[in-house]
Amino acid sequence: MKNQWLEFYKGIITVRTSGKGIERFINTLTRDGISIWNVKSHGTHIVTFQMKLDDVKRLRIYARKSDCKIEFIKRRGFPFLQQRILRNGGFLVGALAFLIIIFMLSNMVWNVEIKGANPATEYKMMKELKGIGVSKGKLQFFIDKPEGIQRHLTNNIKELTWVGVELKGTTYYLQVVEKNEPKKTELFSPRNLIAKKKGMIVDMFVEEGTPKVKINDFVKPGQILVSGAMGNEEEEKAGTNTVPARGEVFAETWYKSKVQFPLKKTSQVYTGNEQIKHYINFGSLPLPVWGFGKVKYEEFETEENVKNFKFLKWEIPISYTSKTFRESEQMTKIYDHKEGIEEARKFARNAIKNDLDENATIKGENVLHQAVENGKVTLSIHFQIIENIAEGQPIIQGDSE
Amino acid sequence: MAKKWGHLLRSWMTNNMELPQDVMMDLPRITMIGQIHIYIENHRGLLAFSDKELRLLLKQGQLLVKGNAFVIKTILPEEILLEGKIDQVIYIK
């Protein structure tokens, strides 16, 4: 027998012949190249055999010439299978629908888990996530990358310091670090508050301890601002009744900063023109789907966005990529002297703010010296800043001032 | 007369030139695997077939195969593969 699978693909028919001269009939068939096989005899004058579907037409011609009667009793093979599938289309539709549903469900968000956030922040995050489409039952395909979600959340919720977004299977895990951390455990060892820098006291707020300075006093670094020693004078001297001094002492402090700022500034900016190409990747082979042709821009930046598809827990090797080419250009800005100085001042202000605490404010600034040479503005500025200068210093027993 | 001469020539050639006899003399070549398979080449057509008997036309005479549960697995113009339980293979003049 030849390759049964090939025959199966073309279709196999079981024929029943009855009548006289069956042997002669079979001889004529074989001589004319109609291949038959599995010839079985069922009693006298009845023989069944199998043959190819393609040969059936020729079989009919020979059957007419002979005295035999032929019947087709069984149809097997791909063409009949196809027919049956078409007839029972519901099954096929069902099977396809099943696959599609499994595929969809595999690419859905089933859970969003937020860890490390207090209820209020969690609620805010949930709301924000819903806004960008990250919620139960949404398709992952339309959701931004985890990095994008991370950026969006940190930009839009100011309570968050950092959020880690991870997609594991069908669940998004968000690990949150909040800015308002739980309050530090109280310091219970007795201490004084001393000055960190020199400055002039403008405001005091003492929670515990004995203030040693008054508003408008000038203090030197290391000077005691709030003493931890309490009680009457004797006790204070002996240092027997000590408490951890707490409070904030705001003082005007002075900074001198020197900045250099170029009058000519080049920066890379996007022109707003962009070109998007879409690909479907089969394994590592990208197949362009939309957006053909070369990128027209001279200078551009490329952003790639890859979406993977999953089937159940497996990632199928087909993915979708969109590449965005953004045209960029060098922009040179030249400031005149006045603008340059203004920019330099702004720059200096930002630089000093970065160095200071959050609750420090700039009270005033004076330009001490300004010069424009070699295309650069050199400024030295004197800043008056109001900040908390109190710093804890533990009191060591027996050591009194 | 001429036919007989030709026959003699062929017989002589097969004897002296070591050529296979089935090719030269149009004889059937029968291969059997135990009792279950019989493969016959160089037949000249089916004469009778039932599940107990197969009769084949040869160039000279006929071949009768007896047994039971016969199934012709393949049949081609000059070849036939028969399956079943073969009891006897008989040449009929």
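A residue is described as buried when its relative accessible area is under 20%, and as exposed when that value is over 50%. In the predicted model analysed here, this distinction was applied to helix α7 of chain A, which spans residues 146-156. Gly148(A), Ile149(A) and Leu153(A) are the buried residues named in this helix. Viewed down the axis of α7(A), the buried residues fall within an arc of 130 degrees, and they therefore line one face of the helix. An α-helix has 3.6 residues a turn, so residues three or four places apart point the same way. Arg151(A) and Asn155(A), in contrast, lie on the other side of α7(A) and are exposed. The cover over the buried residues of α7(A) includes helix α6 (119-131) together with strands β6 (160-168) and β7 (171-178) of chain A.

A second segment of chain A was examined on the basis of its annotation. An unreviewed UniProt entry lists residues 85-110 of chain A as a "transmembrane region". In the model, this stretch is 81% helix and 0% strand, and its end C-alpha atoms are 35 Å apart.

Asn107(A) is located in the loop that connects α5 (89-106) to β5 (111-115) of chain A. Its relative accessibility is 6%; because this value is under the 20% limit, Asn107(A) counts as buried. The side chain of Asn107(A) reaches the backbone oxygen of Phe103(A) at a distance of 2.9 Å. When residues up to four places away in sequence are not counted, Asn107(A) touches Lys138(A), Leu139(A), Gln140(A) and Phe141(A), as well as Asn308(A), Phe309(A) and Lys310(A).

Methods. Residues are numbered from 1 along each chain as its sequence is written. Chains are lettered from A and ligands numbered from 1 in the order in which they are written. This is a predicted model: local features need pLDDT of at least 70, side-chain atom pairs count only at pLDDT 80 or more; totals for chains, interfaces and linings use all residues. Side-chain values use heavy atoms; hydrogens and water are left out. Buried means under 20% relative accessible area, exposed over 50%, partly exposed in between (1.4 Å probe, protein chains only). Helices (H or I, at least four residues) and strands (E, at least two) are DSSP runs, numbered from the N terminus. The arc is that of the directions from the helix axis to the C-beta atoms. Contact means heavy atoms within 4.5 Å. UniProt positions are given in the numbering used here, feature names are shortened, and annotations may be inferred rather than shown by experiment. A polar contact is a pair of N or O atoms within 3.5 Å; within protein, one must be able to donate a hydrogen and the other to accept it, and residues adjacent in sequence count only if both atoms are side-chain atoms.
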